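User: Can you go through this one with me? I'd like the backbone oddities, then the aromatics and the surface charge.
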Amino acid sequence: MEEQPFVSKTFPVKPKLKPKPRTPSKTPESKYWSSFKTHPIDNLAFSVASLAFSPSPPHPFAAAHSASLSLFSPNTLSRTHTISSFGDVVSSVSFRSDGSLLAASDLSGLIQVFDVRTRTPLRRLKSHVRPVRFVRYPVLDKLHLVSGGDDGLVKYWDVAGESVVSELRGHKDYVRCGDCSPADANCFVTGSYDHVVKLWDVRVGDGNRAVTEVNHGKPVQDVIFLPSGSLVATAGGNSVKIWDLIAGGKMVYSMESHNKTVTSICVGRMGTQSGEEAMQLRILSVGLDGYMKVFDYSRMKVTHSMRFPAPLLSIGFSPDCNVRAIGTSNGIMYVGKRKGKGNAEIGANRILGLGNVEEPQRRVLKPSFHRYFHRGQSEKPSEGDYLVMRPKKVKLADHDKLLKKFRHKNALISVLGGNDPEKVVAVMEELVARRALLKCVLNLDRDELGLLLMFLLKNSTMPRYSSLLMGLAKKVIDLRLEDIRASDALKGHIRNLKRSIDEEIRIQEGLQEIQGMVAPLLRIAGRR
C-alpha cells in the first residue's frame, strides 16, 4: 500500500492574548434614532437656550438665542420669522396648547405673549425683579401661565388681565425650570438650584407650602412631566432621575450615563401617533459632554447615544415624531429630520380624497416562469431558498505571507519593525512551534540583532510576555555572545536590559515585603 504524501496546512498567525471582540449588530432602536438626518443651522451666532415645538400641525418650532426668537418650518428646516422685540437675552419659550400663541421670557424679568401668525406682542407681564428662567403654558389651560426666576419665586399668571394670581415662595435658591401636568391644569412642578423639585397646586391657599417635594441631590437644570402625569423626570448634575408622585415622591430610577452636567430633557415617541408604536416613549437628555442619550424608562436602560461636537443646552422633539432639534452653546442648532417617506405625499392624497393609496403588489416569480431563470444578483432570496455563502477572503499581513512561504527570519524581522508587541510574541510562539526561533536568532546580522535586543529591553519585564521573552533573552546572550562583545551598541543594549531586570526584581521584592506585612493584618481582621 502506497503512502500518501503529507500535505501541511498553513494558517494566519493572530495574537493569542487579546481576541478580537465581535461587533454587535445595530438594534432596531438605534436604526430608528439614526434615521433622523441631521442638518446643522449655524447662523444663530449665540447659544440656543430654549427650544419648543408647536402642539398643532405642522408643528413649527421656536428657538431662543440671544435677544431674539426665531421660528422654523418643520418641512424645510429653514427660518421663517424672527422676533426681536426683547431688551435682554431670551431664556425660555412655550407654545399654547392650540399653537396660536407663544410666550417668551428674558433676563430682564419680562414675559411677553405673541401671536404666532402675526408675531405681534399681545401681552407684557412684568412682576419678576430678577431674570426669568422659565415660562410654561399649561397643557389643559389657555388662560394662564407659569413662570419662575432668579428671585426664587414661582408665579401663576392671568394672561388676559396681565396680573399675578398666585405667588409661590417655597424655593430657597434660583428657580431654573418647570413643567405643567398633562393630567391636571392646576398642578405643575418647579426645579431650583436648592436641589429641590416641588409639586404645586394653585387651589391650595398656602403659597409657601408645596403639595410634594423631592430632593434631586444636585442643582436641578430641567424637570418634565411624563405623559402619564404621575411620573416626573428631573435633570441635574450628571444624572436623570424618575420620581413617582402618587407614591409620595419615591425615586423609581436614576440614570447616570452622562459625564458632565445634564442641561435639558424632553419626551420623545417612537413611531406615529397611532398603533402599538405610540406607547414606545423615551426620555431624551443632552448635556455639556456633547452627548444625547435616549432612555427607555419602561425597561430602565439607555438604548441609544449620539455625540455632537459642542456642549448641548436644549432639546425638543416634535409631536409627530418627524423632527428633533438640539441647541448648543456655540450658536449651532442640530435639527434632525426623519428619513424615509414623509407625510407630504400622504397629506396630498388625503386632500385629493384618495386616502392612503397602496402600491400594487409585485407578482411573485415561480419556477414555472421563464423570467425565474434570468434573475440578477440583486434578487433577494425567498424563505425556502438554500443560501450558499461565499467564504470571505482572509487578508494576510506581511509576516503571515512570509510564514506561509517558510521565510522565518524575514517574518521575524518584518514584525519586529512594527509597534505591536502582541504580533511579535505571536510570531515568536509560531516559530517555537516550528522549532525555528533559535535558527532565526543565529542568522541575524548585527543590526537585526540590535532590533531584537531593543524589543526585549522594552517588553521583557511585562508580565504578559515575560515567560517567553526572559527565556529568549538568555538564549540570545548564549548564542550571540561573541557578536555582543564585538559591538559597543549591543553591549549597551545588554547593560540596559540588565538594569531593567534588576529594577523589576527590586519592585517585586518590595511588593512581597508589603504582602508579608498585610497578610497577618488581614488574617487578624478575618478572625474578628
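Analyst: What follows covers backbone geometry, aromatic pairs and a charged patch, in a predicted model.

User: Backbone, then. Which residues does a cis peptide bond join?
Analyst: Proline 57 and proline 58, with omega about 0°.

User: Where is proline 58 found?
Analyst: Proline 58 sits in the loop between strand 2 (48-53) and strand 3 (61-65).

User: What about phi of arginine 119?
Analyst: Phi of arginine 119 is near 60°, which is positive in a residue other than glycine. Arginine 119 belongs to the loop between strand 8 (110-115) and strand 9 (121-126). Its relative accessibility is 27%, so arginine 119 counts as partly exposed.

User: And phi of phenylalanine 406?
Analyst: For phenylalanine 406, phi is near 60°, again a positive value in a residue other than glycine. Phenylalanine 406 is placed in the loop between helix 3 (398-404) and helix 4 (408-416).

User: Lysine 405, where does that lie?
Analyst: In the loop between helix 3 and helix 4. Lysine 405 is exposed, because its relative accessible area of 57% is over 50%.

User: Which residues gather in the patch of positive charge?
Analyst: Lys393, Lys395, Lys401, Lys405 and Arg407, on the surface.

User: Switching to aromatics. How many aromatic pairs does the structure hold?
Analyst: There are 12 aromatic pairs. One of them is formed by tyrosine 32 and phenylalanine 36, edge-to-face, at 5.7 Å centre to centre and with 85° between the planes.

User: Are tyrosine 32 and phenylalanine 36 buried or exposed?
Analyst: Tyrosine 32 and phenylalanine 36 are both buried. Tyr32 and Phe36 also belong to one aromatic cluster with Trp33 and Phe317.

User: Why is the pair of tyrosine 174 and tyrosine 193 tilted?
Analyst: The ring planes of tyrosine 174 and tyrosine 193 are at 40°, and angles that are neither under 30 degrees nor over 60 count as tilted. The ring centres of tyrosine 174 and tyrosine 193 are 6.3 Å apart.

User: What parts does that pair tie together?
Analyst: Tyrosine 174 lies in the loop between strand 13 (163-168) and strand 14 (175-180), and tyrosine 193 in the loop between strand 15 (187-192) and strand 16 (196-201), so the pair links parts 19 residues apart in sequence.

User: And the accessibility of tyrosine 174 and tyrosine 193?
Analyst: Tyrosine 174 is partly exposed, with a relative accessible area of 31%. Tyrosine 193 is partly exposed too, with a relative accessible area of 24%.

Technical notes
Residues numbered from 1 in each chain as written. Predicted model: local features only at pLDDT ≥ 70, side-chain atom pairs only at ≥ 80, totals over all residues. Heavy atoms only, no water. Helix = DSSP H or I, 4+ residues; strand = E, 2+ residues; numbered from the N terminus. Buried < 20%, exposed > 50% of the residue type's maximum accessible area, 1.4 Å probe, protein only. Patch = residues over 30% accessible without salt bridge, like charges linked within 9 Å, V, L, I, M, F, W, Y side chains within 5 Å. Areas by Shrake-Rupley, 256 points an atom, 1.4 Å probe, with all protein chains shown as cover. Salt bridge = Lys/Arg side-chain N within 4 Å of Asp/Glu carboxyl O. Lys, Arg positive; Asp, Glu negative; His and termini not counted. Charge placed at Lys NZ, Arg CZ, Asp CG, Glu CD. Phe/Tyr/Trp six-rings, centres within 6.5 Å; stacked < 30°, edge-to-face > 60°.
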